[in-house]
Amino acid sequence: MSKENIVVIGNGMVGCKFLAAMLQKDVDSRFNLITFCEEPRPAYDRVHLSEYFSGKTAEDLTLQPIDWYTDNGITIHLEDKAVSIDRENKKVTSAKGLEVEYHTLILATGSTPFVPPVPGIEKEGVFVYRTIEDLEGMMEHAKKATKAAVVGGGLLGLEAAKATQDLGLESHVVEFASRLMPRQVDEEGGQILKDIIESRGLSVHLNKATTDILGDGKVEGMAFKDGSQLDVDMIVVSAGIRPRDELARESGLEVGPRGGVVVNDQLQTSDPSIYAIGEVALYNNFIYGLVAPGYNMAEIVADQLTGSEAAFTGADMSTKLKLIGTDVASFGNIETTEPHKDIVITDPVKGLYKRLITSEDGKQLIGGILIGDADAYGNLLQMTLNNIELPEDPMQLILPAGSGDAPAFGPGALPDSAQICSCENVTKGDICSAIENGATTLPELKKCTKAATGCGGCAALVTNLLNHQLKEMGHEVNTDLCEHFSHTRQELYQIVRTTDIEDFDTLLAEHGNGGRGCELCKPAVASILASVHNDKVIAKHNHKLQDSNDRFLANIQKDGTYSVVPRVPGGEITPDKLIVIGEVAKEYNLYTKITGGQRIDLFGAKVNDLPAIWKKLTDAGFESGHAYGKALRTVKSCVGSTWCRFGVQDSTSLAIEVENRYKGIRAPHKLKSAVSGCTRECAEAQSKDFGIIATENGWNLYLGGNGGMKPRHADLFASDLDKETLIKYIDRFLMYYIKTADKLTRTSVWVESLEGGMDHLRDVIIEDSLGICDELDKQMQHLVDTYHCEWKDAIEDPEKLKRFRHFSNSESHDPTIKQVLERDQIRPANEEELAKA
Amino acid sequence: MSEESTSTLWTVVGKAEEFAEDLGSCIEMGGEQIAIFKLSDGEWYATQNMCPHEKKMVLSRGLTGDANGEPKITCPLHKRSFSLNTGECITDNETSCLKTYPVKEEDGKVLIQFG
C-alpha cells in the first residue's frame with residue numbers, strides 16, 4: 001500500500017510539534033511527511049527568542065536539528081515557501097517551483113507582526129521582533145544607535161524593550177492604550193507594572209498614537225498625535241500579530257473578517273482535507289497567540305489522522321512569565337461581564353499587585369492577575385480550572401509569603417502537571433496514578449515511577465505526596481521510620497531519652513520489629529544516639545550504623561573518592577592556615593574549590609589517604625568541618641563593623657562564637673547559619689536555618705530559612721536581642737528541632753509543619769508554654785560541653801585508622817579510579833574517558 | 001580438597017576477626033574486587049564490589065540490613081539495595097544483578113570460592 005502524503009506548510013514551533021506528534025502516533029508509518037519552511041533554518045524556539053541576545057545561538061534555540069528530520073524520513077524544504085494550493089488536484093506549488101501532491105494538508109503558517117501603516121515606517125532602523133534574522137538586524141543596527149523605542153506595550157513589546165536595553169540602548173516603550181499589557185492586566189495592575197518597568201530604567205509613554213516616523217531615510221524620531229515627539233534612532237514594532245492566511249485566502253478557503261483561517265472543532269478548514277493549526281487558525285472567532293494552544297492543536301490533528309478521536313474545545317490563555325525580572329501572571333477570565341467580586345492587594349513600594357476575581361457569592365475563582373510575585377499562580381490556576389471552592393477568606397491565598405497566616409499549600413494543591421522529580425521527569429500525576437495502582441510505600445513508588453532515584457532531592461516531597469494521597473484515599477498513613485521500627489523519629493528520640501538505651505541492637509530488640517535494620521533506620525538511630533548522648537559517631541557500636549559519609553568522616557563523591565572540608569569558623573582564616581590547605585591539596589593532588597559557606601573543599605581524596613590528610617590538617621590546628629554529617633555546616637559572615645563602613649555590629653566574632661558553639665551536634669538534617677553585620681545582609685542570613693542580622697540595638701533572629709531545592713525566606717523570630725538572649729533562643733530552637741523533627745527534615749519544612757508556625761515557636765521558646773525550656777537548655781549545654789573533633793579521635797586511634805583502607809588485604813588504592821586534568825586541576829574521568837583508558 | 005576441580009577451590013582471604021560485624025570489606029583477588037559482608041548472626045556474604053548502577057567500586061562501603069528478612073546491601077552513592085543472597089536489585093528493575101560468591105568461615109579463617 002502506498003503511503004499518503006501529509007504536507008505541512010510552515011515549519012515554526014507548531015508545525016514542528018505536529019511533525020513530532022505524527023512520528024510518535026503514526027506507529028504503522030502510514031504517512032509521508034513533507035514540510036515547507038521559508039526560513040533558512042528549521043523551527044526554533046521563538047518563545048525564548050530574546051535569549052539570542054544573552055548569548056544563545058541559533059543552534060541552541062533550534063527545536064530539532066536538521067538530522068532529526070532526515071533520520072525520521074521527513075522531507076523538509078528549507079528556504080522554500082509554498083506559494084499556491086491547487087485544491088482540485090490536491091497539489092502544492094512552491095516558490096522554487098516544486099509541485100507536491102497531498103492527501104492531507106496542514107496550514108501552520110503562523111502569523112506576521114502587524115506593522116501599522118504609519119508614514120515613514122519603511123525607514124532604515126525600523127524592525128519587527130519575530131525571527132532570528134530580525135534580531136541579527138537589530139544587533140547590527142544597535143552598534144551605531146543610542147536610543148530605541150518599542151511600539152507596543154504588550155508581552156512581546158516589553159520583552160523587545162528589555163532586549164534593546166540589553167543591547168546598551170536607552171529604551172522607551174510607546175503604547176497606544178492607557179496602560180501596559182492591555183490584554184492581560186487591568187488599570188491598576190498596569191500602573192504598578194509601569195512603575196516596576198520604569199524602576200528598571202525603561203521609559204514608558206502611554207496614550208501615544210504614532211503619526212509619523214521622522215528622519216531622512218533613517219529613523220531620527222517619532223511624532224505623536226498629541227503633538228509631542230520622541231528622538232530615537234531605532235524603532236521596534238510590536239503592535240500585535242496578523243495571521244498569515246494569504247495562501248488560504250487565494251485558494252478560496254473561508255477566512256475571518258479580520259483574518260485567520262476559519263476552523264471547526266476538528267481544526268478542519270472549509271476544505272475537509274485541509275487543516276489549520278496555531279496562530280493562523282481562527283477558532284470561534286479567536287486567534288490563540290500563545291504556543292501552548294498551538295501545540296494542543298497539533299496533537300489533536302495528529303490524533304485524528306492516526307485514527308483517534310479528538311477535538312479542540314478552546315484553550316486556557318493563562319500565562320505566567322518573567323518580564324524584565326518581574327513575575328507577571330494572569331489566569332482565567334479577567335474581563336468578565338458577569339456580576340463578580342474583586343479582591344485586590346497592592347503594594348506600590350514593593351511592586352506588588354494581586355487581584356482575584358471571584359463569583360458573586362465568593363465561592364468560585366473566575367480569574368486573576370499577579371504582578372511582582374506569582375508564586376500562587378499554579379494553585380490559583382488549578383482552583384480556577386477545576387472550580388475548587390474557595391476558602392472563607394480568599395485573600396489569604398494572595399497574602400505575601402511569610403506574613404504568618406497564609407495557609408500553607410500541601411502537595412495536594414499542586415497541579416497534576418507539576419514536576420516533582422526533575423531528574424527522571426516525573427510529574428505529580430504520574431505519582432498519583434502509581435499510588436492509585438497500588439504503590440503505597442516510597443520504595444514501591446521509586447520502583448514504578450523512578451521518582452527520587454536520581455539525585456534523591458525530591459524524596460521528602462514524594463513522601464509528603466504519598467501520605468497526602470493515601471489520606472485522601474482513606475488509608476491510614478504509615479509514619480513508621482521503616483519496616484524495622486513502627487515508630488516515628490520523634491517517638492524513637494523519646495524512647496532513647498527516657499530509657500537511656502545506647503546502641504542500635506538493644507533498641508531494635510526492645511522497641512523494633514526484628515530483622516537487621518536498614519539504610520533508613522540505622523543512620524536515623526545513629527543520629528538520635530548522637531543527639532542524646534553525643535557519643536562519638538565512629539565509636540565501635542555506632543560505626544556500623546553510619547552511612548558512608550559518617551563512617552569515613554568525609555563526603556563520598558561520584559567516583560568513590562571523598563571530599564575533605566576543614567572547619568573555617570565564620571569564614572575567617574589566616575594566611576598560614578591557607579598555606580597548609582594549599583600544601584595538603586598539592587601533596588595529595590586534590591581538586592580545590594571555595595564553597596558557598598566560606599570554606600575550602602578538597603575533592604578527590606582516596607579513602608586510604610584520608611587519615612594522613614587529616615593528620616596534617618589537625619597538626620595545623622584544623623578541626624573536622626562536619627560537611628559529611630547531618631550537623632551544623634558553617635556560620636557564614638560578613639566582616640561587620642570591624643572593617644565595613646556600614647556595619648553596626650561585629651558579625652564575624654559572633655559568627656565564630658556561634659559556629660564553635662554548635663559544631664558537631666547531630667540533627668535530623670544539616671544546619672546552616674549566617675550572621676550579617678547590618679541590614680544590607682551580605683551574609684544572606686535569611687536563607688539559613690537560623691540567621692542573625694545586626695541592628696543598632698542588638699541582633700535580629702530569623703528562623704527556618706532555606707536556599708536549597710525549595711527556597712524559603714527565614715521568618716523574623718525576635719528583634720533587637722542582646723547576645724545572651726540570642727544564644728539562649730537558638731539553643732532552644734535547635735534542641736526543639738532535634739527533639740521533634742522527622743528524619744531528614746530541614747528546619748524550613750519542620751517550621752511549616754508546626755501547627756501555629758512561628759507563633760507556636762515563640763510560645764515554646766520565649767514563653768515556655770510547654771514547660772520544657774529548662775530541659776532544652778540543659779540538653780544543649782550537655783552537647784556543647786561534650787564536643788570532640790571526630791577526626792582528632794580517629795587519627796589518634798590505631799584501631800579506627802585500620803578502617804580507612806580500600807582493600808582489607810592490601811594497602812593499594814582503588815585502581816579503577818581515574819582522574820583527568822581540567823583547568824589545571826583533577827576531576828573524575830567521564831564515561832568516555834574511562835572507556836578509552 | 002584435592003579431589004575438587006580448580007573452579008571450586010576455596011581460597012583463604014583473611015582472619016574472621018579482622019572483618020567488622022555488619023559492615024563490608026573489600027578484598028582484591030585475581031584482579032577483581034570482591035565485597036565481603038559479615039552479618040551479626042555469623043552469616044557471611046560476598047558480592048562484586050562494583051555497584052552496577054554507575055559502575056563504581058563502593059558496595060563494601062554501603063550499609064547492610066534486610067528487607068522483609070532478605071539480607072541486603074545498600075550502595076552509598078544512590079541508595080540502591082541488592083539482595084545478598086541472589087545479588088538482585090531490590091530498588092528497581094533496571095539495575096543489573098550483582099555477582100555473588102560462596103563464602104564461609106572455617107577455623108577462624110574466611111574462605112571464598114572464586115573462579
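The following exercises, each with a worked solution, concern a predicted model.

Residues are numbered from 1 along each chain as its sequence is written, and chains are lettered from A in the order in which they are written. Because the model is predicted, local features need pLDDT of at least 70 and side-chain atom pairs count only at pLDDT 80 or more, whereas totals for chains, interfaces and linings use all residues.

**Exercise 1.** Determine which residues of helix α4 (residues 132-142) of chain A are buried, and how they are arranged around the axis.

*Solution.* Begin with the terms: helices (H or I, at least four residues) and strands (E, at least two) are DSSP runs, numbered from the N terminus. A residue is buried if 20 or more other C-beta atoms, placed from the backbone, lie within 10 Å of its own, exposed if 12 or fewer do, and partly exposed in between. By this criterion the buried residues of the helix are A:Leu135, A:Met138, A:His141 and A:Ala142. They cover an arc of only 130 degrees around the axis, so they lie on the same side of α4(A); the arc is that of the directions from the helix axis to the C-beta atoms. Turned away from this buried side is a face that carries the exposed residues A:Glu133, A:Glu136 and A:Glu140. Finally, the cover over the buried residues includes β9 (126-128) and β16 (234-237) of chain A.

**Exercise 2.** Locate the residues that UniProt lists for "binding site", and describe the surroundings of A:Cys644 and A:Cys678.

*Solution.* The unreviewed UniProt entry lists A:Cys638, A:Cys644, A:Cys678 and A:Cys682; such annotations may be inferred rather than shown by experiment. Although these are spread over 45 residues of sequence, they cluster in space, with a largest C-alpha distance of 11.0 Å.

Next, take A:Cys644, which lies in the loop between α20 (640-643) and α21 (651-662) of chain A. This residue is partly exposed, because 16 other C-beta atoms lie within 10 Å. Two residues are in contact if their C-beta atoms, placed from the backbone, lie within 7 Å; leaving aside neighbours within four places in sequence, A:Cys644 is in contact with A:Cys638, A:Val639 and A:Gly677.

Then turn to A:Cys678, placed in the loop between β33 (671-676) and β34 (690-695) of chain A. A:Cys678 counts as buried because it has 20 C-beta neighbours inside 10 Å. Not counting residues up to four places away in sequence, A:Cys678 touches A:Phe646, A:Gly647, A:Val648 and A:Ala694.
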